[in-house]
Amino acid sequence: MKQGEAFAVFAGIAMLLACLGLFGVSLSTTSRRTKEIGIRKAMGARDGDILTLLLWQFAKPVLWANLLAWPVAWWTMNRWLSGFAYHVDLDPWMFPAAGATALLIALAAVSGQAILVARQKPVRALRYE
């Protein structure tokens with residue numbers, strides 16, 4: 001029980017650090033693409049279009065990582081669980097649920113910065129050019 005609690009605490013810390021790293025990458029990406037976003041908005045892009053563009057940029061790697069990790073995780077977990085006296089079957093819904101949770105966490109970490117950038121006026125982005 002204590003080992004399970006320690007594992008949960010360290011998993012939470014790891015998720016927090018990963019979210020901070022993802023937030024830092026989103027800050028860097030949005031500041032690098034400020035001029036592009038300003039031009040898109042000046043040409044008539046809506047806030048939703050900019051938000052979709054930025055969120056999709058961060059969703060793609062999460063989706064690819066999940067597609068690559070699911071077979072490896074299934075094989076590893078199946079092999080590990082078969083060594084126990086009371087065998088537990090893996091339900092197929094667990095992997096998409098974990099992927100959806102990872103995607104939601106990633107989008108939640110990035111969405112705040114993406115919303116701020118999408119709502120900016122294009123004049124602020126293009127003022128210094």
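Q: Which element gives the most to the lining of the largest cavity?
A: That's H2, with four residues in the lining. Bear in mind that this is a predicted model.

Q: What's the volume of the largest cavity?
A: About 50 Å³.

Q: And how many cavities of 30 Å³ or more does the structure hold?
A: One.

Q: OK, which residues line the largest cavity?
A: From H2's neighbourhood in the numbering you get Thr34, Ile37, Gly38 and Lys41, and then Val117, Gln120, Lys121, Pro122 and Ala125. Besides H2, helix H5 (122-126) also supplies at least two residues of that lining.

Q: What's the mix by class there?
A: Four nonpolar, three polar and two charged residues line the largest cavity.

Q: Staying with H2, how does it cross H3?
A: Helix H2 (residues 34-42) and helix H3 (residues 47-81) cross at roughly 145°, and their axes come within 10 Å.

Q: Right-handed or left-handed?
A: The crossing of H2 and H3 is right-handed.

Q: Which residues meet there?
A: On the H2 side, Glu36, Ile37, Arg40 and Lys41; on the H3 side, Asp47, Ile50, Leu53 and Leu54. By class, that contact has four nonpolar and four charged residues, with no polar ones. Ile37 and Lys41 turn up in this contact and also in the lining of the largest cavity.

Q: Switching topic: how much space lies in the largest pocket?
A: About 160 Å³.

Q: What lines the largest pocket?
A: Ala11, Ala14, Met15, Ala18, Cys19, Leu22, Val62, Ala102, Ile105 and Ala106. Helix H1 (2-32) and helix H4 (94-119) are the elements that give two or more residues to it.

Q: Which of them gives the most?
A: H1, with six residues.

Q: And how does that lining split into nonpolar, polar and charged?
A: It has 10 nonpolar residues, no polar ones and no charged ones.

Q: So how do H1 and H4 pack?
A: Their axes are 9 Å apart, at an angle of about 30°. That angle makes H1 roughly parallel to H4, and the crossing is right-handed.

Q: Which residues meet in that contact?
A: H1 brings Met15, Cys19, Leu22, Phe23, Ser26, Leu27 and Thr30, and H4 brings Ile105, Ala106, Ala109, Val110, Gln113 and Val117. By class, you get 10 nonpolar, three polar and no charged residues.

Q: Where else does Val117 show up?
A: Val117 also lines the largest cavity. Met15, Cys19, Leu22, Ile105 and Ala106 are in the H1 and H4 contact and in the lining of the largest pocket too.

Conventions. Residues are numbered from 1 along each chain as its sequence is written. This is a predicted model: local features need pLDDT of at least 70, side-chain atom pairs count only at pLDDT 80 or more; totals for chains, interfaces and linings use all residues. Side-chain values use heavy atoms; hydrogens and water are left out. On a 1 Å grid over the protein atoms alone, a cavity is a set of points where a 1.4 Å probe fits but cannot get out, and a pocket is an open set with protein on both sides within 12 Å along at least five of seven lines; lining residues have an atom within 4 Å of a point. Grid points are joined across faces, edges and corners, and a volume is the space filled by probe spheres set on the points. Ala, Val, Leu, Ile, Met, Phe, Trp, Tyr, Cys and Pro count as nonpolar, Asp, Glu, Lys and Arg as charged, and the others, Gly among them, as polar. Axes are lines fitted to C-alpha atoms, for helices over the stretch in contact, and angles run from 0 to 180 degrees between N-to-C directions. Angles under 35 degrees count as roughly parallel, over 145 as roughly antiparallel, 65 to 115 as roughly perpendicular and the rest as oblique. A crossing is left-handed if the near helix is turned anticlockwise from the far one by less than a right angle, and right-handed if clockwise. Contact means heavy atoms within 4.5 Å.
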